[in-house]
Amino acid sequence: MKFTLSWLHEHLDTTASVDEITETLTDLGLEVEEVVNPADRLKTFTLGKVTKAEKHPDADRLRVCEVDTDEGPKQIICGAPNAREGITVVVCKPGDYVPGIDVTLSVGKIRGIESHGMMASEKELELSDEHDGIIELPSGNVGDKFTDWLVANAPDKIDPMIEIAITPNRQDALGVEGIARDLAARGLGTLKTKTIEPVKGSFPSPINVSIDQDTLDSAPYFTGRVIKGVKNGPSPDWLQARLKAIGLRPISTLVDITNFFTFDRNRPLHVFDADKVQGDLRVHRAKGGEEILALDDKTYVFQEDMMVISDDRGPESIAGVMGGAESGVSEDTVNVFLESAYWDPITIAHTGRKLKINSDAKYRFERGVDPAFTRPGLEAATQMILDLCGGEASDVVEAGACPDVTRAYRLDTARCSSLVGMDIPAETQRATLEALGFTLDGDMATPPTWRSDVKGEADLVEEVARIASLSNLEPKPMPRMTPGVPKPILTGLQKREQIARRTAAALGYNECVTYSFIDQAAAALFNGGDEARRVANPISSEMTHLRPSHLPGLLQAAARNQARGVADLALFEVGAIFHGGEPNEHETLLSGIRVGATGPKDPHGERRPVDVFDARADAEAVLSAVGAPMRFQMPRGAKPWWHPGRSSRMTLGPKVVLAAFGELHPKILRALDVTGPAVGFSIHLSAIPEARSKSTARSALVTSDLQAVERDFAFVVDRNVEALSVVNAAQGADKALIEEVRVFDEFIGGSLGEDKKSLAITVRMQPKDKTLTDDEIDEVGQSIVAKVSNATGGVLRG
């Protein structure tokens, strides 16, 4: 929204400076984006007086002038025909920048005679296009600043332009009057109230208006009248200057008047050439397929249910958005039909977006204009047309009725302290609302018709606080709920997330934050991509489904890095994955992948491709850090995106899965364009049981002073028996006594046969109470053999 200082003064009686006004506007929530002050480029120029003017000895059209300035007499060569003795001029001295000619002056010689500056014309100072002679001032003293003279004698020449940003809820500030009202409420001046007198019609309008019944919800009110005998030419200089200052191109008096009211009172209008309108006007919904050549010389095709203003010939205007070219006014226009209507904001917004039109009218109607100003706006514009273009006005024709937007909310003056934290006296609150146009009846406040954004009691408090200035809000610490040191507020899961994140980073992983939405093809690779997890309104074709795992996003990140020459990667992510589309069908995981090699090339040959044991070690490190029980089982049966022979799960019994790790399946890597090897892990943070002890202190180290006993066993088992089955069976022989079981040898084939293998294990037994006797050791050994035999069918190797 752009306006000039002089335009603001039409609605606000104030002596505030531009700086005061801009600072106040920003503080009121109307953020100033730009200030263009013509005085800034003229501040170095001063007034001077020509005391002598003689013909240049070597040039007929040049004069050698002696000019009194604030720095004493100066000799200036001038070619202007009006350069003569006794006139007061604007002096530009050496070192001054002259904007109209884009030159910084210096002392120079013209036909052999030095010139110490110049006397400027209006064009050279960008005040107008006048350049036939230098500026002659009727008053002023030598040495006065030219800007001070302009402020006192021609303020319109240096009228500052201010541009403010408008938030969607402040549609009232899309008119200069609304901006002035806010400033007056703050106390920066007095709002000037203007009475609009109805213009009495002298004849019935030859053009009538109707609104279809099915359109009244989107076009509730339409007013208009015919004005005949107008003369449409260039608008007055003051109107053209006002529009040019805010970046609008003057077109003609009639069009400029409608633009003026759009910015002055936030009241978009439209004028039809009445002689080009055939029959009456009808507001209706489009059937779809109708075309119109609009005022921007583009042809638009209406979609079904868009609002159209038509005559007997066809569409004449895109209602509330843009008029049609066929019924537009021109210099030859003699009779006009002036329209002032109220349109539904949502309908206008949809129409403008579908047709890709962003006009000043659409911008205002979609935010909501004052419905009660529809008829007064027509009357005010009628009077200006009669004043500037002449003519004779008809009676007003109306269709529909002005919407009743009356509503009232209770003003609780005590809520200002609780909602905003500002103690504002009740009388001040009431006075503020009244200054903004609210009507108060006891403790009930009725918002004005131009403030459709006020929709509750809290909005009343917001208005009071905004005018009082939120800059005055003093920061205060929130009171503690309980005395003393506050208790921790993080949940157990949040703490595990924090620890797991730090541990993964310490292991050399880089954290990724990928989208929770992925494409259907990638989701399908990880048992996702179903309808339950489809996003109803995806922002792109690559974000159509909720992710069933972190691994698609991490692998896609790895592929992007590999495409840019980064082959060795370690990435992890903490966040939600989704098992379905319901609110409770998600859980928090930490997932990580390693791709490529373990490190850079080195002379010691320590670089190697990553393998499943790297993933296992990282998963165990994270689980240990978050306090998971480390006596878990590792059965097979991982998800299908893991390599079937190089992956496993970490479980507490058959139901509680703590993690899965392993090498990623080659088909997954091919589908996601990742060059292997790639290994990874996924840890179910929510499945980790809470520690029994809430203490953060470490428990005392428990050791035994009794000697441990190790025994080796070799079992012949079927070739397809997993080593883990042998280890778990041996471990279960005596869980209290057996401290560790580990595999140290495997032999396949040979004398055992191709279908058999030998697994050798070491069992470490750690007594707690007494040294084990040989009989006790033999008893445990026999139990181990029995357990392994029952679990795997293996026999002790002879």
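## Pockets, cores and a small sheet

The second largest pocket has a volume of about 800 Å³; a pocket here is an open set of points on a 1 Å grid over the protein atoms alone, where a 1.4 Å probe fits, with protein on both sides within 12 Å along at least five of seven lines, and its volume is the space filled by probe spheres set on the points. The model is predicted, so local features need pLDDT of at least 70 and side-chain atom pairs count only at pLDDT 80 or more, whereas totals for chains, interfaces and linings use all residues. Residues are numbered from 1 along each chain as its sequence is written, and side-chain values use heavy atoms, with hydrogens and water left out.

The second largest pocket is lined by 31 residues, and V255, N259, H270, L295 and M322 lie nearest its centre; a lining residue has an atom within 4 Å of a point. Helix 6 gives four residues, the largest share of this lining; helices (H or I, at least four residues) and strands (E, at least two) are DSSP runs numbered from the N terminus. The largest pocket has a volume of about 1200 Å³, and among its 29 lining residues R616, M634, L724, V727 and N728 are the closest to the centre. Helix 16 (612–625), strand 35 (642–652), helix 18 (723–731) and strand 39 (738–748) each supply at least two residues of that lining.

The table gives the lining by class, where Ala, Val, Leu, Ile, Met, Phe, Trp, Tyr, Cys and Pro count as nonpolar, Asp, Glu, Lys and Arg as charged, and the others, Gly among them, as polar.

| Pocket | Nonpolar | Polar | Charged |
|---|---|---|---|
| Largest pocket | twelve residues | seven residues | ten residues |
| Second largest pocket | 14 residues | 13 residues | four residues |

The largest nonpolar core has 68 residues, and L8, I21, L25, I164, I179 and L183 have the most contacts inside it; such a core is a set of buried Ala, Val, Leu, Ile, Met, Phe, Trp, Tyr and Cys residues joined through side-chain atoms within 4.5 Å, buried meaning under 20% relative accessible area with a 1.4 Å probe and protein chains only. Helix 9 (residues 374–389) contributes seven residues, the largest share of this core.

Three strands form an open antiparallel sheet in the order 27-29-28, two strands being paired if DSSP finds at least two bridges between them. Strand 27 (409–410) and strand 28 (439–441) are the edge strands, each pairing on one side only. Strand 28 pairs with strand 29 (residues 444–446) over three bridges, and M444 in strand 29 is the bridge partner of D441.

Definitions and conventions: Buried means under 20% relative accessible area, exposed over 50%, partly exposed in between (1.4 Å probe, protein chains only).
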